[in-house]
Amino acid sequence: MGTPGFKSGSRVCAVWPSFCAIDIPDRPKTTKVILRLHAHAGYSRTTQILLLGTCWSGKSTFLKQMRLSYNLAFSKLEIESSRQCIWADLTDSLKFLVDSLDPLALPDALRRAAALVSSAPDIGQHEAFPQAFMFAMQTLWRAAEVQAVIKDGSGFIYERCAMQPPAYLPVVTQQSISVSYYLAEAPRLFSPAYVPTVQDLLHVRVRSIGITETVLRGNGYDMLVVDVGGSKSERRKWLHALKEVTSIIFVVSLSGYNEHLIEDKDDNQMRDAMVVWNAICRSRWFTQSPLVLCLNKNDVFERQILHSDIVEFFPDFDGERKKADAGRDYFRERFRDLGERAGRTLNKDFFIRVTTATDSEAMKEFMTNSE
């Protein structure tokens, strides 16, 4: 299935290697080498952006949009790797859902569909999505019993943590959105000639591992984007990416306010992001580097807040209940306060933007305004 490097669900998806996207497990001194190579090739100058974010923040999608903004096309190998990741994403998500259902309470037809989906195999390189599973997946997804489970917790119920009130894994809302998107396109995806579109690539959930460097060529300059895995186990690798940083983009999931970390079910995802943001703002490594905080997944947040009240997870929230504007203002203020307490000035030393990484037009505007 290719060289391992990105995980989708419980499986490993192939790295997206290309002539200018290089996966470097521990990145010893490669940045200086790349800079020298590009200088030798006649490029004018290279700025280095460190792309950071907590797990499930949408950081990988953010990087894909940056590539698209700079007209850096995806290679055939990347597209094929993504196609396999889409299948893994779809089947793992539905299996996850099946595990949350009580099989004894299901009608016979739905129980058969669930059993078939649970047996979905991996697919190999250039192997089409098995047609026999399409109808079963659609049947399962449309069932009232399944939709009730999704609505119950803003997504799939997997394991409620010890926090009060209950918080859900980050896959909760992410899976329901990914599955909904892919199954709406099922006839196209299950076609033997299926090739992922740009939107397909943006919707596939990919967990980045290690450090990936991508060079984006702009008008008179080059941008070296260093993307580092966001889970707690990956953060020790951030130290390898600190040198020669021009600026930092830190991506946070707005929808993470009611979700807990994969690695620690007692730790709220949004609170974890605040801790990391505080550390970044106070780090001696970044005193001269402007910071851009992206409150991402605004589209998910706007749907999620209708069913999950912020005050249940952040008791000091005093804004209007179940209103996205009030929620965004609250979290923007929390992060702004952390930045200013660290001695930084808003709109000078750090900037806060609300983003939706899967929205190509909005991301293109963000990139244009950020240059």
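Let's start with confidence. Strand β3, residues 21–24, has the lowest confidence in the protein, at a mean of 30. Helix α12 has the highest, at 97. Those are pLDDT values, and this is a predicted model, so please keep that in mind throughout.

Across the protein, the mean pLDDT is 77. Of its residues, 73% reach 70 or more. Two stretches need a warning. Over residues 1–44, pLDDT stays under 50. The model still gives that stretch 113 contacts beyond four places in sequence. The other stretch is residues 153–173, again with pLDDT below 50. Beyond near neighbours in sequence, residues 153–173 have 73 contacts in the model.

Now the overall picture. The protein has 371 residues, and 56% of them count as buried. Its secondary structure comes to 13 helices and 10 strands. The accessible surface is about 16,600 Å². Carbon and sulfur atoms hold 54% of that surface. Now take contacts with a separation of 6 or more. Residues 24 or more positions apart account for 72% of them.

Next, the inside. Which residues touch the most other members of the largest nonpolar core? They are Tyr257, Trp277, Ile310, Phe314, Phe331 and Phe335, out of 39 residues in that core. Several elements each supply at least two core residues. The strands are β4 (46–53), β6 (211–217), β7 (222–228), β8 (247–253), β9 (291–296) and β10 (350–354). The helices are α10 (269–282) and α12 (324–341). Helix α10 gives the largest share, seven residues.

There is another core, apart from this one, with 34 residues. Its members include Ile86, Ile123, Ala186 and Tyr194.

Back to Phe331 for a moment. Set aside its neighbours within four places in sequence. Phe331 then contacts Leu254, Tyr257, Met270, Met274, Phe301, Ile310 and Phe314.

On to the annotated sites. UniProt, in an unreviewed entry, places a "binding site" feature at Ser60 and Ser208. Ser60 sits in helix α2, residues 59–69. Is Ser60 buried or exposed? Its relative accessible area is 13%, so Ser60 is buried. The helix around Ser60 is mostly covered too: nine of the 11 residues of α2 are buried. Among them are Lys59, Thr61, Phe62 and Leu63. Further along α2, Lys64, Gln65, Met66 and Arg67 are also buried. Just after α2 comes Asn71, with a positive phi of about 55°.

A quick stop at helix α3, residues 76–99. Thr91 is found there. Thr91 has 0% relative accessibility, so it counts as buried. Its side chain reaches the backbone oxygen of Ala88 at 3.3 Å.

Now a second group of annotated residues. The unreviewed UniProt entry also gives "binding site" for Asn296, Lys297, Asn298, Asp299 and Ala357. These are spread over 62 residues of sequence, yet they cluster in space. The largest C-alpha distance among them is 9.3 Å.

Look at two of these residues. Lys297 lies in the loop between β9 and α11. Lys297 counts as buried because its relative accessibility is 11%. Asn298 is in helix α11. At 12% relative accessible area, Asn298 is buried as well. What does Asn298 contact, leaving aside its neighbours within four places in sequence? The partners are Leu254, Arg328, Val354, Thr355 and Thr356. Leu254 came up earlier, as a contact of Phe331.

Last topic: backbone angles. Most residues other than glycine have a negative phi. Lys297 has a positive one, near 60°. Asn347 is not a glycine either, and its phi is positive, about 65°. Asn347 is found in the loop between α12 and β10. Is Asn347 buried or exposed? It counts as exposed, because its relative accessibility is 52%. Set that beside Lys297, which is buried at 11%.

To recap, with the model open in front of you. Find the core of 39 residues, with Phe331 among the members that touch the most others. Then find the annotated group that includes Lys297 and Asn298. Treat residues 1–44 with care, since pLDDT stays under 50 there. That's my tour.

Conventions
Residues numbered from 1 in each chain as written. Predicted model: local features only at pLDDT ≥ 70, side-chain atom pairs only at ≥ 80, totals over all residues. Heavy atoms only, no water. UniProt positions renumbered as here; feature names shortened; annotations may be inferred. Helix = DSSP H or I, 4+ residues; strand = E, 2+ residues; numbered from the N terminus. Buried < 20%, exposed > 50% of the residue type's maximum accessible area, 1.4 Å probe, protein only. Polar contact = N/O pair within 3.5 Å; in protein donor to acceptor, adjacent residues only side chain to side chain. Core = buried A, V, L, I, M, F, W, Y, C linked by side-chain atoms within 4.5 Å. Contact = heavy atoms within 4.5 Å. pLDDT = per-residue confidence, 0-100. Areas by Shrake-Rupley, 256 points an atom, 1.4 Å probe, with all protein chains shown as cover.
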